[in-house]
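Subject: Structure for your files

Hello,

Here is the structure I promised to pass on. My notes follow it.

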Amino acid sequence: MKKVIIAPSILSADFANLEKEIKAIDDGGCDWVHVDVMDGTFVPPITIGDNIVKAIRPHTKKVMDVHLMVEHPETQVEAFAKAGADMITVHQEACVHLERTLQLIRSLGCKAGVALCPSTPVSTLKNVLHCTDLILLMSVNPGYGGQSYIHAVTDKIKEARAMLDAADSDAFLHVDGGVSPKTIEEVSGAGADCFVAGSAVYNTPDYAAAIAELRSLASQV
Ligand code: DX5
Ligand code: ZN
């Protein structure tokens with residue numbers, strides 16, 4: 001059985017009860033806690049800052065997987081590392097000096113991830129694989145939870161898997177957006193091993209059951 005990482009996104013959690021919501025996915029068997037940071041510029045909404053990451057950090061020992069949907073992420077990574085992030089993912093589209101930013105994240109003791117919007121080709125990452133611990137392929141246009149999976153991204157997942165294998169890279173291949181029991185087999189079958197699930201976990205009555213179902217479906221392909 002394939003080993004998979006399930007990372008619920010707290011974007012779909014009840015923000016008035018974040019401590020409880022995080023403990024519930026932790027107890028429910030999640031692997032990572034996915035934190036969607038939006039700055040109102042790279043994407044329209046403003047969501048979570050480093051102060052919130054610092055506040056929730058004591059409430060889980062799970063990997064804190066921070067996805068920065070912000071302009072100039074190089075100015076933010078140190079604050080999120082100090083707040084307790086384990087993985088920090090920046091958008092290729094927001095980084096002129098991507099290699100430097102990935103090296104900066106690693107120098108802060110975190111794993112370094114790069115995210116691509118649906119329209120950005122996988123080939124843009126070919127020359128930074130030496131400093132990439134995670135590739136995150138957006139399967140919706142970033143900014144909002146609860147959108148539908150864009151099936152055209154499935155070919156990108158296959159392409160990224162082939163690129164990582166050819167480079168002998170053990171970087172995680174994360175897919176984010178519209179992942180649900182209806183789509184996760186397609187996503188996993190294409191070669192992803194990490195799965196963000198916001199509404200597919202938090203918009204259900206039983207988070208543990210939702211996580212277990214996603215894990216089971218993704219593991220069997
Ligand atoms: C979208 C975020 C996602 C989002 C996923 O910009 O990066 O992490 O919360 O939500 P669902 O799983 O509901 O598509
Ligand atoms: Zn995300």
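Which residues are the protein donors of the zinc ion (ligand 2)? In this predicted model, they are His34 through NE2, Asp36 through OD, His67 through ND1 and Asp176 through OD, at 2.0 to 2.3 Å from the ion. Along the chain the donors of this zinc ion follow the spacing H-x1-D-x30-H-x108-D. Histidine 67 sits in strand S3 (residues 63-69) and aspartate 176 in strand S7 (residues 172-176), so this pair ties together parts that are 109 residues apart in sequence. Both histidine 67 and aspartate 176 are buried.

On geometry: the zinc ion (ligand 2) has six donor atoms around it, and the angles they subtend run from 66 to 169 degrees, which makes the arrangement octahedral. For reference, the ideal angles for six octahedral donors are 90 or 180 degrees.

Next, the aromatic side chains. The count comes to two aromatic pairs. One of them is tryptophan 32 with phenylalanine 172, edge-to-face, with 5.0 Å centre to centre and 85 degrees between the planes. Tryptophan 32 belongs to strand S2 (residues 32-38) and phenylalanine 172 to strand S7, so the pair ties together parts that are 140 residues apart in sequence. Tryptophan 32 is buried, at a relative accessible area of 5%, whereas phenylalanine 172 is partly exposed, at 27%.

Tyrosine 202 and tyrosine 207 also form an edge-to-face pair, 4.9 Å centre to centre with 70 degrees between the planes. Tyrosine 202 counts as buried at 6% relative accessibility, and tyrosine 207 counts as buried at 15%.

Regards

Note on methods:
Residues are numbered from 1 along each chain as its sequence is written. Chains are lettered from A and ligands numbered from 1 in the order in which they are written. This is a predicted model: local features need pLDDT of at least 70, side-chain atom pairs count only at pLDDT 80 or more; totals for chains, interfaces and linings use all residues. Side-chain values use heavy atoms; hydrogens and water are left out. Donors are N, O and S atoms within 2.8 Å of the metal (3.2 Å for Na, K and Ca); water is not among the atoms, so sites may look incomplete. Four donors count as tetrahedral if all angles lie between 85 and 135 degrees; four count as square planar and six as octahedral if opposite donors are over 155 degrees apart and all others between 65 and 115; anything else is irregular. Helices (H or I, at least four residues) and strands (E, at least two) are DSSP runs, numbered from the N terminus. Buried means under 20% relative accessible area, exposed over 50%, partly exposed in between (1.4 Å probe, protein chains only). Rings of Phe, Tyr and Trp (its six-membered ring) pair if their centres lie within 6.5 Å; planes under 30 degrees apart count as stacked, over 60 as edge-to-face and the rest as tilted.
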